[in-house]
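Could you walk me through this model in my viewer, one selection at a time? I would like to know what to pick next and what I will find there.

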Amino acid sequence: MKNFKKISFLALTFGWIGLIITHIIWSNLRYNDASGGDVGVILFWSSLFLLIFYGLFILIPRKLIVKLSEKLNVILFSIISGIYSLLGFVILIGWLFLQSDFSGVFLDALVCGLIFGFSFHTMWTKKRTDFKQFHLIPILITPFVFLLIYLFAFPKFLPSIAYKFVPKNIQHDILVNTIPKFKVGDDLADLQSALPGEFEFDDCYGNRGAILNEFQYVIEVNCCKIVRIEYGPRQEKGYSMGGEKKPCG
């Protein structure tokens with residue numbers, strides 16, 4: 001049973017990362033961006049409940065988990081692990097979602113279990129002795145490295161790509177930092193490329209504005225060009241909207 005905690009925690013971390021990626025994909029397919037699927041909420045609560053799951057459903061029955069991993073092949077063990085994770089999720093909190101349309105969380109739990117099973121089986125049966133040389137601290141900080149990359153590095157260095165894949169508050173940060181880069185006369189296509197999915201107008205005409213926590217803006221578009229753009233600190237009253245459509249030419 002030596003190195004069980006190291007291997008099981010690292011395997012569960014891989015499962016948690018897979019869970020988050022799965023939820024991001026599901027959110028984009030269903031809501032067209034990650035914020036629509038409350039990725040930020042899932043990020044926080046999944047971390048908390050996986051720690052509870054780890055104590056109740058992995059550490060306590062560890063002898064059975066080890067026995068099954070040594071007896072079964074990796075595919076069968078992964079499938080059983082996925083079902084086990086899904087059942088554990090339903091017992092802990094999944095029953096709250098059974099009457100809702102937020103079905104993506106069940107897929108998240110299944111994927112987490114599948115990845116945990118595959119990772120644990122591979123590391124336990126083939127790399128167990130190698131973990132004697134691994135200190136526990138690098139394993140424990142693995143989730144924080146993922147968060148650092150996902151929540152800070154990704155939106156900072158690739159904001160236009162990250163925009164549809166990050167939680168709402170980070171989306172807002174990207175928007176606040178991006179809008180001031182544009183001016184009247186710029187192409188709508190460039191704005192749409194910088195903030196994908198945010199500015200979709202029929203016939204290249206329309207307007208959009210919002211008041212965020214500390215920022216407000218309004219953008220009007222005509223003939224696929226920005227004809228008005230205003231932004232600044234949040235005020236009690238937002239900017240007026242409703243520019244007149246003019247013929248192109």
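**Stop 1: the cavity**

Start by selecting Leu12, Leu50, Phe53, Ser81, Tyr84, Ser85, Cys112, Gly113 and Phe116, which line the largest cavity. Keep in mind as you go that this is a predicted model. The space enclosed here is about 50 Å³, and a search of the whole structure finds one cavity of 30 Å³ or more. Colour the helices and you will see that α2, α4 and α5 each supply at least two residues of this lining. By residue type, the cavity lining divides into six nonpolar, three polar and no charged residues.

**Stop 2: the largest pocket**

Next, turn to the largest pocket, with a volume of about 370 Å³. Its lining has 19 residues, and the ones to select are Trp45, Ser46, Phe49, Phe89 and Ile93, the closest to the pocket's centre. Which elements give two or more residues to this lining? They are α2 (39-59), α4 (74-92) and α5 (104-126). The largest share, seven residues, comes from α2. Colour the lining by type and you should find 15 nonpolar, two polar and two charged residues.

**Stop 3: the second largest pocket**

Now select Phe9, Leu12, Thr13, Trp16, Leu43, Ser47, Leu50, Leu51, Leu140, Pro143, Phe144 and Leu147, the lining of the second largest pocket. About 250 Å³ of space lies in this pocket. Here α1 (4-31), α2 and α7 (142-157) each contribute at least two residues. The lining consists of ten nonpolar and two polar residues, with no charged ones. If you kept your first selection, look for Leu12 and Leu50: they line the largest cavity and also this pocket.

**Stop 4: Ser8**

Stay on α1 and pick Ser8, which is found in this helix. Is Ser8 buried or exposed? Ser8 counts as buried because its relative accessibility is 0%. Show the side chain, and you will find one of its polar atoms 2.7 Å from the backbone oxygen of Phe4. Leaving aside residues up to four places away in sequence, Ser8 touches Tyr54, Ile58, Phe116 and Phe120. Phe116 may look familiar, as it is among the residues that line the largest cavity.

**Stop 5: helix α9 and its two sides**

Move on to α9 and select Ile170, Gln171, Ile174, Leu175 and Thr178, which are buried. They sit on the same side of α9, because they cover an arc of only 145° around the axis. An α-helix has 3.6 residues a turn, so residues three or four places apart point the same way. Then look at the other side of α9, where Asn169 and Asn177 are exposed. What do the buried residues of α9 pack against? Show α7, α8 (159-162), α10 (188-194) and β2 (215-222), and you have their partners.

**Stop 6: Gln171**

Finish by zooming in on Gln171, found in helix α9 (residues 168-178). Gln171 has a relative accessible area of 5%, so it is buried. Add Asp33 to the view: the side chains of Gln171 and Asp33 make a polar contact at 3.4 Å. To see the surroundings, select Asp33, Ser35, Tyr163, Lys164 and Val166, which Gln171 touches when residues up to four places away in sequence are not counted.

Note on methods
Residues are numbered from 1 along each chain as its sequence is written. This is a predicted model: local features need pLDDT of at least 70, side-chain atom pairs count only at pLDDT 80 or more; totals for chains, interfaces and linings use all residues. Side-chain values use heavy atoms; hydrogens and water are left out. On a 1 Å grid over the protein atoms alone, a cavity is a set of points where a 1.4 Å probe fits but cannot get out, and a pocket is an open set with protein on both sides within 12 Å along at least five of seven lines; lining residues have an atom within 4 Å of a point. Grid points are joined across faces, edges and corners, and a volume is the space filled by probe spheres set on the points. Helices (H or I, at least four residues) and strands (E, at least two) are DSSP runs, numbered from the N terminus. Ala, Val, Leu, Ile, Met, Phe, Trp, Tyr, Cys and Pro count as nonpolar, Asp, Glu, Lys and Arg as charged, and the others, Gly among them, as polar. Buried means under 20% relative accessible area, exposed over 50%, partly exposed in between (1.4 Å probe, protein chains only). A polar contact is a pair of N or O atoms within 3.5 Å; within protein, one must be able to donate a hydrogen and the other to accept it, and residues adjacent in sequence count only if both atoms are side-chain atoms. Contact means heavy atoms within 4.5 Å. The arc is that of the directions from the helix axis to the C-beta atoms.
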